[in-house]
Amino acid sequence: MNNKTICVVTVAAVLCVLMGCEERAAEPDRPNSTLPPHMIALETRTFTLEGVSPVEAANIIDAYVYRDRPHNPGMISADRNMLSVRETADNLDRIGRVIDELNAGATVSSTETTLHFQLVEANGASEADARIADVEAQLRQVLRFDGYRLLDEAFVTTRQGQIDIPMEAPDGRPYKVSGMFSEGPTRTGSNLNVVDSSLRLTVWFTTRGTELLSSTVNIRHGQTVVLGSARAPGLRAEGNGEEGEYHRGPQMILILRATAATPDDNA
């Protein structure tokens, strides 16, 4: 092989090396998961929340944000109805889907609910009370009283928040139902387990400052639940200048029915 041939081969080899380097440089970057922590690419996206509090949303999506990632941790910041997240692109895609579910659930929960409370006295009647005929059979299955009669009932239509409802027995004794009501999907766990159309109510039933019962229940539209049973404080009858006879307080049962409100309910 002469010198000219050697030179041609050498030049070709150099060109091949250079072209190979260019081809390798054009190859796509490796996935973030294979890069060292300080080289993982993060992005920042801002999500709009519709009917969901930023605190609630941040708590739910926190599992997707790696705050303890060395050199390049993820971050969350919230302001009014906005949530900004700094994370990898694939995690941001997952977070976006979770927030879409949260927003959709908040839209579903915008229907107002009518809460129908019934105050029933146990052993208060020897004959069936037609006004509570639909629940009396159920009461007899779980409670052992001779009779039931309706003392009072009250309605309130609301979406969520504080409720305070006065009620009154035929003897004039005042009662009050108060509590906190919320409507919407029940969310559990970091991966968003949704129970549709769940209503949650924490209620206190009192008379003249005395708490008779308290209860927290989950209920759906169309359901009826017994919130609890308690004995009312006794009364002492008025005497002629002397201490009157003491009468034991009646056994009280508080019943709740929940229905989706119609436009006429707000008229």
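Me: In this predicted model, does Asp129 count as buried or exposed?
Reply: The relative accessibility of Asp129 is 11%. The cut-off for a buried residue is under 20%, so at 11% Asp129 counts as buried.

Me: With which residue does Asp129 form a salt bridge?
Reply: The closest N and O atoms of this salt bridge are 2.9 Å apart, and the cut-off is 4 Å. The partner has a relative accessible area of 51% and is exposed, whereas Asp129 is buried at 11%. The residue that pairs with Asp129 is Arg131.

Me: How many salt bridges does the count come to?
Reply: The salt bridge of Asp129 with Arg131 meets the rule, and so does that of Arg149 with Glu121, at 2.9 Å from N to O. By this rule, the count of salt bridges comes to nine.

Me: How many residues apart are Arg149 and Glu121?
Reply: The side chains of Arg149 and Glu121 meet in a salt bridge of 2.9 Å, N to O. This pair links distant parts of the chain, with Arg149 in strand β5 (residues 148-158) and Glu121 in strand β4 (residues 113-122). Arg149 is partly exposed, with a relative accessible area of 31%, whereas Glu121 is buried at 13%. The separation of the two in the chain is 28 residues.

Me: Which residue is linked with Glu43 and Arg45 in a network of salt bridges?
Reply: The side chains of Glu43 and Arg45 meet in a salt bridge of 3.7 Å, N to O. Glu43 counts as partly exposed at 36% relative accessibility, and Arg45 is likewise partly exposed at 27%. The residue linked with Glu43 and Arg45 in the network is Asp93.

Me: Is the aromatic pair of Phe145 and Tyr148 stacked or edge-to-face?
Reply: The count comes to two aromatic pairs. In the pair of Phe145 and Tyr148, the centres are 6.2 Å apart and the planes lie at 85 degrees. Phe145 is partly exposed, with a relative accessible area of 22%, while Tyr148 counts as buried at 0%. An angle over 60 degrees is the criterion, so this pair is edge-to-face.

Me: Which residue forms an aromatic pair with Tyr175?
Reply: This pair is stacked, at 5.3 Å centre to centre and 10 degrees between the planes. Tyr175 lies in strand β7 (residues 174-183), and its partner, 30 residues apart, lies in strand β10 (residues 199-207). Tyr175 is buried, with a relative accessible area of 4%, and the partner is also buried, at 1%. The residue that pairs with Tyr175 is Phe205.

Me: With the side chain of which residue does the side chain of His116 make a polar contact?
Reply: His116 is found in strand β4 and counts as buried at 13% relative accessibility. Leaving aside neighbours within four places in sequence, its contacts include Ala154, Phe155, Ile255, Leu256 and Arg257. The polar contact spans 2.8 Å, and the partner is Glu153.

Me: How many contacts does the model have for residues 185-197, beyond near neighbours in sequence?
Reply: The mean pLDDT of the protein is 77, and 72% of its residues reach 70 or more. Over residues 3-32 the pLDDT stays under 50, and the model has five contacts there beyond four places in sequence. Residues 185-197 also have a pLDDT below 50. Beyond near neighbours in sequence, the contacts of this stretch number 30.

Key
Residues numbered from 1 in each chain as written. Predicted model: local features only at pLDDT ≥ 70, side-chain atom pairs only at ≥ 80, totals over all residues. Heavy atoms only, no water. Buried < 20%, exposed > 50% of the residue type's maximum accessible area, 1.4 Å probe, protein only. Helix = DSSP H or I, 4+ residues; strand = E, 2+ residues; numbered from the N terminus. Phe/Tyr/Trp six-rings, centres within 6.5 Å; stacked < 30°, edge-to-face > 60°. pLDDT = per-residue confidence, 0-100. Contact = heavy atoms within 4.5 Å. Polar contact = N/O pair within 3.5 Å; in protein donor to acceptor, adjacent residues only side chain to side chain.
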